[in-house]
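Biologist: Could you guide a first-year student through a close look at one helix of this structure, and then set that helix among the other parts?

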Amino acid sequence: MQATSNAFRANARVGLANPTLQSALGKMKVGFPTKRAEAVSRLPEFDALRDQARDIKNHVLENLDWYLERFERRVTEAGGHVHWARTPEEAREIVLGICRRLGARTVTKGKSMIAEEIGLNAHLEKHAIEPVETDLGEYIIQLRNEAPSHIIAPAVHLTKDAIEADFRRAHSHLDARRDLTEPQSLVAEARGILRKRYFEADVGITGANFLVAETGSSVIVTNEGNGDLTQLLPKAHVVLASLEKIVPTLEDASAILRVLARSATGQEMSVYTTFSTGPKRAADLDGPGEYHVVLLDNGRSALLGTEFQDILRCIRCGACMNHCPVYGAVGGHAYGWVYPGPMGAVLTPSLIGVENARPLPNASTFCGKCESVCPMRIPLPKMMRHYRAREWERKLGTRVSRLALGAWAWAARRPALYRFAAARAMATLGWLGRRHGSFFNLPLASGWTATREFPAPQGRTFQDLWRQRRRAGGGR
Amino acid sequence: MSETQTRARPRVGLFATCLVDLFRPSVGFAAAKLIEDAGCDVEVPEGQTCCGQPAFNSGDNADAAELARRAIAMLEGYDYVVVPSGSCGGMIREHYPELLAGDREWAPRARHVAARTWELTAFLHEVRGLRVEGVRHDGVVTYHDSCSGLRELGVKAQPRALLSGVAGATLKELPGAETCCGFGGTFCVKYPEVSDKMVAEKAADILATGAGTLLAGDMGCLMNMAGKLKRMSMEQGTRAVEVRHVAEVLAGMAKDAPPIGEAG
């Protein structure tokens, strides 16, 4: 996927001007936070579980090589295969190779952000293999040829009416007079169409929420059960996962599951939590004939030991974006790559280079809401600030902002000069603004004054007035 | 015994912040009065400029550290440092130690100052147990919780406790009071359209409370919200809201200056 993250501001303007998106975001930014808050209030030990979840992942990251090798051994013992992919290209080729060997013409897919990260659908299509998304949100955006705008709710940028229009266009073989006004009717229609596709698929591809080192299992959580049909029916089940999905034990996976759904959707658990270990065994009635895990690095191992290591704790719950006022204003597509919102503002520069995602770490007010809801206690604002520091060192920001900040800092180190200049500037501004109390238009703050008044200063500086009053002998 | 314990009235260094210094001295005087009412001696250390947060948040750590060292040298002799802003208070209290952690000389000095630094309402309520008395402000007021004060310093109950002593004022809670107003320092300059969308929603929430007065503890947020509310009243005919720093009302000094963004 070609990143347009450097065009964040232009992308954001498009989002701000899109009424469908704004309507959808208006619902999202109330719905998700309300449900999470309710779920958290029902679990007094929630914050203690967050500490536990953080500690589990920190331990894994300190010993990642050991757990990865242990995981590979267990997968192999269970009859599966682990494939190591350094880059998106390698991962795509591994998946394509499996599909070709099995003569696959159709593959079903459960929701996988790694598939997005490696651009899998386009690659399969290029080689005449049809990928069929089976998660309802992913199915909708596949019909629209769009990228997901949210990591757990890929079609959250759409309203029901927009989806109805897409279904009528894409499912033109169905009765045009059918009633699709209720969300349930849309779900039923997608389900009817997808049901057939599950049986046609030769390979089923899913992501993984966790990889369990002690058992060699992959774990997915879904609300639609589509993941189970995707992975059980075809000849092969291919799991796409990044390295940091590892947890040591089933117990650890269970601990993190307790914070995952609560943080994501406010559910206590997702409807389906599926543990998969190896291919179908002799005595099993169902299951795939082959089980593959493709382990993608794509720059993650390079984050170990750096100030960005903590982002590898992320469990992709989406709480940070659900609560982010910037995401809530502009939507996920503005971020211009696979991962939006606060976690994307850290992960995107980590994976594709900060020079290709310059605005993202800056597109935050540092309000801190994301960190306050993160189940893994990832210090997201702090890491965005670290990226800002890297940008500053590499002079990646605009010249104007560097000059303005440099001038401010230069003056702030010279109190006498600062006092002199500030007193005159405020006297002038105060005088100019004395009648109206604010400015309708200020040349150096035109971005602000386009839509807001700029309050005028009172005219004298506090320090001058204080000094004067103290000299005059008054306390105040 | 420490100096603090032997002296009857603690010595407080008032760090006014650049926005109060430049735009709204009345907040500085209100803060000084409140600190004195709380039984302290107030001084305004000479040579105050900026705490360095704009540089720090822009990744310019060298300039930020330089400004932090200047501020620390200026503030380290006081029993307390009080700041009428959660944002600048958070910078000194949370981020100076982090910024100077690798500096053997300055790291302990940064921690020393950080441990004595308080946001104004937290200092008045938590440290001094001030009860506001004899102050009147008639009408319904609503309160916006500025992000840094709220999430870095835990400022939430303190301003409300103090406001409960103001006669005539009824606090109507603002829905989404903990949601960012979109100011964000350099954010509002870099992404003005996004910032405007955020403050437009905030302004709509404020208007919906029916409150005649909006209070908060940070000048940046206040200027942003006041500017939006005023432009909306000019262009859309929404009603005017009196926007003030909470210190002005608590000190009974609201009559001394017109509201933020209004002419006298």
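Modeller: The account below begins with the helix, and then turns to loops, domains, the chain contact and sheets.

This is a predicted model, in which local features need pLDDT of at least 70 and side-chain atom pairs count only at pLDDT 80 or more, while totals for chains, interfaces and linings use all residues. Residues are numbered from 1 along each chain as its sequence is written, and chains are lettered from A and ligands numbered from 1 in the order in which they are written.

The helix chosen is helix 8 of chain A, residues 136-144. Helices (DSSP runs of H or I, at least four residues) and strands (runs of E, at least two residues) are numbered from the N terminus. Within helix 8 of chain A, the residues A:G137, A:E138, A:Y139, A:I140, A:I141 and A:Q142 are buried. A residue is called buried if 20 or more other C-beta atoms, placed from the backbone, lie within 10 Å of its own, exposed if there are 12 or fewer, and partly exposed in between. Strand 3 (130-133), helix 9 and helix 10 (183-200) of chain A are included in what covers these buried residues.

Two packed helices are described by the angle between their axes and the distance between the axes. Helix 8 of chain A packs with helix 9 of chain A (residues 160-170) at an angle of about 65°, and their axes are 10 Å apart. Axes are lines fitted to C-alpha atoms, for helices over the stretch in contact, and angles run from 0 to 180 degrees between N-to-C directions. The crossing of helix 8 and helix 9 of chain A is left-handed, a term for the near helix being turned anticlockwise from the far one by less than a right angle. On the side of helix 8 of chain A, the contact is made by A:I140, A:L143 and A:R144, and on the side of helix 9 of chain A by A:I163, A:D166 and A:A170. Contact here requires C-beta atoms, placed from the backbone, within 7 Å. By class, this contact has 4 nonpolar, no polar and 2 charged residues, where Ala, Val, Leu, Ile, Met, Phe, Trp, Tyr, Cys and Pro count as nonpolar, Asp, Glu, Lys and Arg as charged, and the others, Gly among them, as polar.

After helix 8 of chain A comes A:N145, with a positive phi near 55°. Most residues other than glycine have a negative phi. In the loop between strand 10 (290-296) and helix 13 (319-322) of chain A lies A:N298, which is not a glycine but has a positive phi of about 50°. A:R316 has its place in the loop between strand 10 and helix 13 of chain A, and its phi is near 60°. A:N298 is buried because 21 other C-beta atoms lie within 10 Å, whereas A:R316 is partly exposed because it has 17.

On a wider scale, chain A is divided into domain 1 (1-42 + 318-397), domain 2 (45-302) and domain 3 (400-471), with bounds from an automatic or database domain assignment. In chain A, the C-alpha centres of domain 2 and domain 3 lie 55 Å apart.

The contact between the two chains takes 52 residues from chain A and 61 residues from chain B. Helix 17 of chain A gives the most to the side of chain A that touches chain B, with 5 residues. That side of chain A has 27 nonpolar, 13 polar and 12 charged residues.

Chain B offers sheets to examine. Its strands 6-5-7-8, in that order, form an open sheet with parallel pairing, and the edge strands are strand 6 (167-171) and strand 8 (242-245). Strands count as paired if DSSP finds at least two bridges between them. Strand 7 (residues 213-216) and strand 8 of chain B pair over 4 bridges, and B:A216 has B:H245 as its bridge partner. Elsewhere in chain B, strand 1 (residues 11-14) pairs in the parallel sense with strand 2 (residues 41-43) over 3 bridges, with B:G13 opposite B:E43. Strand 1 of chain B is also joined by 3 bridges to strand 3 (residues 80-83) of chain B, again in parallel.

Finally, B:G86 belongs to helix 6 (residues 86-99) of chain B. It counts as buried because it has 29 C-beta neighbours inside 10 Å. B:G86 and B:G149 are 63 residues apart in sequence, yet 3.8 Å apart in space, C-alpha to C-alpha.
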